[in-house]
Amino acid sequence: MTPEADGRVIVWRWESCTPAAVRQARSALRYALIQLGLPEDTISDAVLAAAELVTNATEHACGPYEMRLRRVGDELICEIEDGDPFIPEIPRLPSTEPFVPDSDSRDGGLETSITMLSERGRGMPIVDHLTRGSWGFLRSEGRSKIAWMTVVESKDD
């Protein structure tokens with residue numbers, strides 16, 4: 001981890017051709033959050049949410065990429081910067097839990113099963129759920145954007 005003058009800590013940098021970039025980003029973030037003494041359930045949620053943002057960056061934007069952590073008051077913010085200044089439209093997300101079974105869709109045949117098992121389009125609902133809606137995008141200096149998310153401390157139920 002490399003501290004910057006503004007208090008941000010660079011967790012990891014990578015390029016478009018970096019092999020296993022998402023796996024390496026998850027490992028780097030997990031290590032950084034362990035070093036900060038966060039509880040395991042908070043770390044797991046943050047790593048999963050960040051992995052979704054890293055996946056989107058590597059699939060839809062050019063590099064170079066950088067993952068950073070920074071403190072803002074009581075909050076810990078994870079940022080993923082990529083080389084594309086275009087800020088995607090944030091989808092309207094339902095206010096319900098992700099992946100709640102829809103009883104009307106059960107036993108709907110092959111088409112319903114394929115839709116439910118789709119690997120695409122789940123990332124932002126996952127990020128939204130794990131961060132309790134505390135995430136988004138902003139334009140960075142120069143020709144890039146930042147996807148950000150708050151690392152949310154898990155509450156014991």
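Which residue is the bridge partner of Arg71 in β4? In this predicted model, that partner turns out to be Leu76. The two residues belong to a stretch where β3 and strand β4 (residues 75–82) run side by side in the antiparallel sense, joined over seven bridges. Just two residues sit between β3 and β4, which makes the pair a hairpin. Within the turn, Gly73 has a positive phi of about 60°.

On to the other partner of β3. Strand β2 also pairs with β3 in the antiparallel sense, this time over five bridges. One of the matches here puts Ile10 opposite Arg68 in β3. As background for reading such a sheet, side chains in a regular strand alternate between the two faces of the sheet.

Next come the aromatic rings. A pair of rings is described by how far apart the centres are and by the angle of the planes. The count for this model comes to three aromatic pairs. Take Trp12 and Trp14 to start with: their ring centres are 4.8 Å apart and their planes meet at 15°, so this pair is stacked, given that stacking calls for planes under 30 degrees apart. Both Trp12 and Trp14 are buried. Trp14 also pairs with Tyr65, and this pair is stacked too, at 5.2 Å centre to centre with 15° between the planes. That contact links distant parts of the chain, with Trp14 in strand β2 (residues 9–14) and Tyr65 in strand β3 (residues 65–72), 51 residues apart. Put together, the ring pairs link Trp12, Trp14 and Tyr65 into a cluster.

How hidden are these rings, then? Trp14 has 2% relative accessibility, and it counts as buried because the cut-off is under 20%. The same reasoning works for Tyr65: its relative accessibility is 3%, so Tyr65 counts as buried.

The cysteines tell another story. Cys17 has a relative accessibility of 69%, and since anything over 50% is called exposed, that is the label Cys17 gets. Cys62, at 41%, falls between the two cut-offs and therefore counts as partly exposed. As for links between cysteines, the count comes to zero disulfides in this model, where a disulfide would need two cysteine sulfur atoms within 2.5 Å.

Key:
Residues numbered from 1 in each chain as written. Predicted model: local features only at pLDDT ≥ 70, side-chain atom pairs only at ≥ 80, totals over all residues. Heavy atoms only, no water. Phe/Tyr/Trp six-rings, centres within 6.5 Å; stacked < 30°, edge-to-face > 60°. Buried < 20%, exposed > 50% of the residue type's maximum accessible area, 1.4 Å probe, protein only. Helix = DSSP H or I, 4+ residues; strand = E, 2+ residues; numbered from the N terminus. Pairing = 2+ DSSP bridges.
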